[in-house]
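Here's a quick walk through how the inside of this protein is put together. Keep the 3D view open and follow along.

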Amino acid sequence: MTSRYRASEASTGLNSFSPRRRTVVKAAAATAVLAGPLAAALPARAADQAPAFLHGVASGDPLPDGILLWTRVTPTPEATAGSGLGPDTEVDWVVAKDKAFTSIVAKGSVTASAVSDHTVKADVRGLEPATDYWFRFSAGGTDSPVARTRTAPAANADVSGLRFGVVSCANWEGGYFSAYRHLAARGDLDAWLHLGDYIYEYKSGEYAARGTVVRPHAPANETITLADYRVRHATYKTDPDLQALHVKAPVIAIWDDHEFADNAWSGGAVNHTEGAEGAWTARKAAAKQAYFEWMPVRPAVEGTTYRRLRFGKLADLSLLDLRSFRSQQASAGSGSVDDPTRTITGRAQLDWLKTGLKASDTKWRLVGNSVMIAPFVIGSLTADLLKPLAKLLGLPQDGIGVNTDQWDGYTHDRRELLDHLRSNAIGNTVFLTGDIHMSWANDVPVDAGTYPLSPSAATEFVITSVTSDNLDDIVKVPEGTVSALAAPVIEAANRHVHWVDTDRHGYGVLDITAGRAQMDYYVLSDRTDAGATSKWVRSYRTRSGTQKVERTYDPV
């Protein structure tokens, strides 16, 4: 792989469309059925076979001097994920500067046990910044696949460019993960961002590809218990395209709702029935435990995914947890979306984000953001008419939001954050977003009702789903049908929206230089085809100092 950093850096230290749904593109609540085995999803193994690495290897959360390594060992045939079975097993790890492991720079061992579902992590430090490394695990004479990873640039390094893959919303039963395969084939990624919904919690058949299960997941029931979530994560980690991407570059991941249950909030979820499905507190704890066992993620604050990574003087990346602390979603059209006591971030996280953005001395401030922050409203009036009428009638002052699971349902937090950006002259803030199963390129206006007369405080690139149903899938019409009708209406009613594609599946590639941040949007030929092809369709960029999005006509 050719380094994309300057050579000198390495030495520098350091529902509306579906009657069954409450949000735009999420499936309805499911009921639990009896658990199904993971064994069917795994390759057959002889009873006397040595330990195996059936779920691949991964790395994540790159630092200038370190990287987090992950794997799961199956020590004995009966020690399947979620089973609670299997002996403690010593797992060795090694990191080298070359793929042949002739220049070993770090090694160690960890113990895999049933307590952590035989998953292991090694938080390796003492590495050089902006450097490619290779690593592998071994147990009982068996070696894992060899994987490449990369450390971040030194904190004060002059970085010429960064390139990240960007994905979200990968539903196993909705199709194949070809997006991961195409990103893995590039060979030019410094890391890849997963913006949430890495797994889905539904029972089999509840949320598939236009109602058709492309490939059944395990367990067959909805994930409720710790064992359920472990088995579901394990199923996903058997996907060859996902494994291929994990061995090519480190992942930087946050969760959204489906790592727990649809439309999760601090005290429950749409897809959770208190009592019949146990207590939400127990289910949430189980989901979080399985997530941290199965993902190469460092919890910067225990039990959450909000944290910050830095990539030299070019960019820092603030990663949000928009599920653990949020208030319950408001009803669409309700003025309670403006209630200052309601929050999407929680007070501590919002203060942390504001402080970090103000203190940042990098050229770009990236925000990993699981739900869309730019307003998406219908029934908008001009600002001079809307606000007095909204106050009188108890309607949302920014217009009637379509999806109150997004920041549209928590407008006080959004206003506070955007006002903070404007009042402190914080520029070059780019939100990177998933969740909504559509592609968007947005300005983030301080006052959507008067935009473009009012300023834009930031920009936002929203990435569509890898496989999860988008609007044409929900209404079961040919691809492009809904977008041809809906996109002009959405853009006319939301003048800060430069582009929206409601219908296609794919991924993004974010390329950052000192002068601009550019998102290239790619789409897949057919999510139900394991050999789906990929093509570039659009690119948008924000140039330094503008806080606005513009179209550009070539991918990086």
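## The main core

Start in the middle of things: the largest nonpolar core has 41 residues, and Phe177, Tyr180, Trp192 and Tyr507 touch the most other members. Several elements chip in two or more residues each, namely the helices H1 (178-186), H2 (226-236), H3 (240-246) and H4 (280-294), plus the strands S11 (251-253), S21 (506-512) and S22 (516-524). The top contributor is H4, which supplies six residues. Bear in mind that this is a predicted model.

Take a look at Phe177 for a moment. Setting aside neighbours within four places in sequence, Phe177 is in contact with Ala170, Asn171, Trp172, Arg215, Tyr236, Asp239, Asp241, Leu242, Val466 and Thr467. There's also another core, lying apart from the main one, with 36 residues that include Phe164, Leu195, Leu366 and Tyr540.

## Helix H4 up close

How far should H4 span? With 15 residues at 1.5 Å a residue, the expected figure is 21 Å, and the end C-alpha atoms of H4 are 21 Å apart, so the two agree.

Most of H4 is covered, with eleven of its 15 residues buried. That buried set is a mixed bag: Trp280, Arg283, Lys284, Ala286, Ala287, Lys288, Ala290, Tyr291, Phe292, Glu293 and Trp294. What do they pack against? The partners are strand S2 (66-72), strand S5 (119-124), H2 and S11.

## Phe292, one residue in H4

Phe292 sits in helix H4. Is Phe292 buried or exposed? Its relative accessible area is 14%, and the cut-off for buried is under 20%, so Phe292 counts as buried.

Leaving out residues up to four places away in sequence, Phe292 touches Lys121, Trp255, Val297, Pro299, Gly303, Thr304 and Thr305. Try finding Ser116 too: Phe292 and Ser116 are 176 residues apart along the chain, yet their C-alpha atoms are separated by 9.5 Å.

## Where H2 meets H4

Two packed helices are described by the angle between their axes and the distance between the axes. For H2 and H4, the angle is about 35° and the axes are 8 Å apart. Their crossing is right-handed.

On the H2 side, the residues involved are Leu226, Tyr229, Arg230, His233 and Ala234, and they meet Arg283, Ala286, Ala287, Gln289, Ala290, Tyr291, Glu293 and Trp294 of H4. Sorted by class, this contact has eight nonpolar, two polar and three charged residues.

Note on methods: Residues are numbered from 1 along each chain as its sequence is written. This is a predicted model: local features need pLDDT of at least 70, side-chain atom pairs count only at pLDDT 80 or more; totals for chains, interfaces and linings use all residues. Side-chain values use heavy atoms; hydrogens and water are left out. A nonpolar core is a set of buried Ala, Val, Leu, Ile, Met, Phe, Trp, Tyr and Cys residues joined through side-chain atoms within 4.5 Å. Buried means under 20% relative accessible area, exposed over 50%, partly exposed in between (1.4 Å probe, protein chains only). Helices (H or I, at least four residues) and strands (E, at least two) are DSSP runs, numbered from the N terminus. Contact means heavy atoms within 4.5 Å. The expected span of a helix is 1.5 Å times one less than its number of residues. Axes are lines fitted to C-alpha atoms, for helices over the stretch in contact, and angles run from 0 to 180 degrees between N-to-C directions. A crossing is left-handed if the near helix is turned anticlockwise from the far one by less than a right angle, and right-handed if clockwise. Ala, Val, Leu, Ile, Met, Phe, Trp, Tyr, Cys and Pro count as nonpolar, Asp, Glu, Lys and Arg as charged, and the others, Gly among them, as polar.
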